[in-house]
Structure formats: C-alpha cells, structure tokens
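Let us walk through this structure step by step, beginning with the chain as a whole and ending with the packing of individual residues.

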Amino acid sequence: MSHPPTDMNCDAFRQQLHFRHELDRAARGAFDAHATRCADCAELLLEGERLDDLLLQWHAPAPAARGGGEFADAVLRGVRGEGPVAGCAETTASLHHLLAGDLEPWLAARVERHLEGCRECADHRAEARQSRSLWLAWRAPDPSESFADRLIRRLEPETRAARRRRLLLDWALGPIHVPRAAAALVLTSITLLSLGLLQSRNGARPAPTVLSGLNGGSSGPVVPVNRQTVLPIEPAQFAPGGRGDPTGSLSREIGRRRDGALRSTLRGAPDEK
Amino acid sequence: MDDLDLATLELARAGDLDAYRAFVKAYERPIHHTVWRLVGSRFAAEVEDISQDIFIKLFRALPQFDATRGTKLSSWVFTFVKNYCFDVLKRRRLPTISIDAGEDGATLPIAGRSLDPGDELSTREVQDAIARAVDLLPREQKLAFVLREYEGLAYAEIAEISCCSEGTIKSRIHRAKEALRFRLRHLLFDLEGEHS
C-alpha cells in the first residue's frame, strides 16, 4: 500500500527545483504532487527543464588536430621541446632565467625556438648576456685576515660565560654519580653547620614573634599570643608613618612597653598606664 | 655553502671557541661580501664592523636556532644579515641617486673609453659603475639579486629569508637584472663597438 505523498509548499519546491533529480522517491513524489496542484510552480518546473535541455547542447569543442597530428601528439611534442614556440613577451620574461640556466628544459626549448626566428629578442638576449658577464665580474673585497681573531677576542667573555653555564647545566642535569652526590651532601652539611655555629657564636637572641605576618616572618621563637589583646589593624594603618605602620608605630609601641607593659599585654592583662 | 654539521654547531652554542671559529670561518666571506653589496659603497668603511656586529648577534642567538624545524643554517644566518643591513640603511638613510645618474636616474655614463672584457672588466671604473647600478635597485630586489647571483642561494631559501613566495623572488630577480641591463647599457654598447 502506497502512502499519499506529503504536501510541499512553494518555497520548498523552489529550493529543490534544480536538485529534483537528486531527491529520493518520497521527496520526488511530494515535489511532483505540488507541481500538479500549483500552476506557478508547474511553470517554473517547465522553465527549469527547458534550461536543462539548453545546457545539454553546450559542447566544448574537440581538440583541434595540429599539423595533421592528434592532440595528445601535440602535447608530447611540447614536452619533448618540439612544440609551439614562445611569444616575444614570454621570451623577454624568461631571458634572464634562461641565461642563468633556471628554466625547465621544455620551457627553455620553447624560448630558444623563438629566439631562432626573432631578431629583436635575439639582440635582447645578447645584451642580457653581456650585462650578466659584467655584473658577475663585480668583486666584493674579502674581510681582513685578522677578522676572525678580532671577533673571537671580542666574544671571549661571552663564550666563557656560555661555557660556564653549560658546565653547570651538565653538572646539574647529568647522571647522578655517587662521588658527585656525596660531594654535594658534604658541601651542604658544612654550609649548614657553619651557619649554625655562626648564629650561636653571635649569641643573638631573636626577638619573639608577636604578631605573625607583621614581623616579616622572622625566624625567632613563636610566643603564644592572647588573641583578645591583639587589635585588628586596618589597611589604612599601614600607610608609611601611619598609626599601624609595622616598621614605625609597632616598634615604637614595643619600645614604649619595654618596661613590662608589653609582657602583660601578651598575657592578656589590661595595659597599666 | 655547506651548512656546518650539527655537532660543531652544538659545541659553538656551548661556547666552544674552536667550534665558533669554524662557524666564523665558514660564514665570514659570504657575510662580508653580502653586507658589502647590500649596504653599498656608502658604508664601505663600516662593512667590517657591521659584519662583526652580525656575528655577535648570531652568537647570542645561536641557542635559538633549531635545525630540527627544517630551517637551513644559511637561511637563518642570511635572515640576520638582511635584517641588520636593512636596519643600517634605514637608520642612516642617504640619497640613493648617484651623482653620475642622468635626469631619470637610470643611465650611468662612464668616461668614453674602450673596454675589453678580457682585461679591463675588473677596472675600478667598471666596478664602481656596477656598484652604483646595483645600489640604485630597490632593497628587496637587491637582496634577492645578491643572494642568488653571488651567494648561489636557492629561490626557496631566498623566499624564506625575504618572507615571500618563490614566484615573487623570481620576479624580483628578473626586474633587477632588467634594470641592470638598462643602467649598464652604456658599458655594453662600448663593449659591442669594441668587438665589431
């Protein structure tokens, strides 16, 4: 049982007009059904078919046989260099490339054939050949004997730095050797030990860290802080010379309370003034 | 011009003086000649300094050269030469029309004398005439012409250096040669007259 084709509107019909031969069976059925119902679209379809007939009559001319031969023979003769000759414009444009030996052989042959028969282009070639011999005789002076030596001397500091960088990189990125690793360990230990000794000999007692974050992360022991006594410091207070300037007012505050007030502040006791 | 082998290049990058000397030896003449021809007679006294500056720039940029990307060392080197020479010409711009040029700036008459290509082509006057004729070429044409005719670079390489197509390079070289033929015509007629 065949289903009646679904209806198609005029817009869809016009869109598919030139592709009607590519429609599937159902779509083509709907297309034809619409053409039977709509007079305007039927007229369009008729025009389309006339256009197709017209276009089918347009044939490209068959390749003309030249000199009694076939088209393929003419192409082959061209490839062998026996083909058509170049015109004056082509010859002029190719002369310098021809003299430099940069032309493809079959193109060179075309140009050569033209040159055999054209006096003007032959003169042009003679002139181009002479000018070529002229500019090829143009000599540039050689650099002085000491050029390389002077350059190397000038570059010596940079080459030394490059060598040092490369050595360091090789050392760092090279395969791990036991003696190298041991040497690195010993060096690190000595450095750490000497730093520790230096610190203990100076006897410097690092200041207690009162407010973490305000003292720049100094390495002193951290003293427990009673959070209630630490007043929040607003960003405006950090202005240079401002009330909360950590490098100014805080140190002044600590100095002022050096007589024990600070300690009591840290313990949470009310400030005694 | 043969490109240096990668091992030598790697050593030069690492600061090995002998390797860098090999690099300098391979390129000192091509670079010096190209600079001389590109910046022309106006900076003849500075050509050696310019060449040295180019080599120093090359040494500093050597670690950035990556042969695995398919770029030839010679193309990379001549790109530096081009950029530096164009920069020199731009910074020290001078009138480019020779005092010997005619009203149209095209012909370069030489004092009337017979010229025998056999023994006189290398005379100072002829050399100067060629130098002036080449100097009148637009710089892009001059670059393509010099790299092709005197350094023997391939069209593709010159195209890479000039950042344009091979067709453009061929066209520039053709126009440069036609301009030279026209500007050196006076010399050519002398040659012809002498031989006929």
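Of the contacts in chain B with a separation of 6 or more, what percentage do residues 24 or more positions apart account for? In this predicted model, such residues account for 67% of those contacts. Chain B holds 10 helices and zero strands, so that its pattern, read along the sequence, is α-α-α-α-α-α-α-α-α-α. Of its 196 residues, 36% count as buried.

With that outline in place, we can turn to the interior. The largest nonpolar core comprises 50 residues, and those with the most contacts inside it are Val35(B), Val81(B), Ile130(B), Ala144(B), Leu147(B) and Leu184(B). Helix α2 of chain B, covering residues 17-39, gives the most to this core, contributing nine residues, while domain 1 (1-94) and domain 2 (100-196) of chain B each supply at least three. Ala144(B), one of the residues with the most contacts in the core, touches Ile158(B), Ser162(B), Ile169(B), Arg172(B), Ile173(B) and Ala176(B), when residues up to four places away in sequence are left out of the count.

Another of those core residues, Val81(B), is among the buried residues of α4(B), which also include Leu73(B), Trp76(B), Phe78(B), Lys82(B) and Cys85(B). The buried residues of this helix pack against α2, α3 (47-61), α7 (139-149) and α8 (155-162) of chain B. As for the geometry of helix α4 (residues 73-91) of chain B, its 19 residues should span 27 Å at 1.5 Å a residue, and this agrees with its end C-alpha atoms, which are 27 Å apart.

Terms used. Residues are numbered from 1 along each chain as its sequence is written. Chains are lettered from A and ligands numbered from 1 in the order in which they are written. This is a predicted model: local features need pLDDT of at least 70, side-chain atom pairs count only at pLDDT 80 or more; totals for chains, interfaces and linings use all residues. A nonpolar core is a set of buried Ala, Val, Leu, Ile, Met, Phe, Trp, Tyr and Cys residues joined through C-beta atoms within 7 Å. A residue is buried if 20 or more other C-beta atoms lie within 10 Å of its own, exposed if 12 or fewer, and partly exposed in between; C-beta atoms are placed from the backbone. Helices (H or I, at least four residues) and strands (E, at least two) are DSSP runs, numbered from the N terminus. Domain bounds come from an automatic or database domain assignment. Two residues are in contact if their C-beta atoms, placed from the backbone, lie within 7 Å. The expected span of a helix is 1.5 Å times one less than its number of residues.
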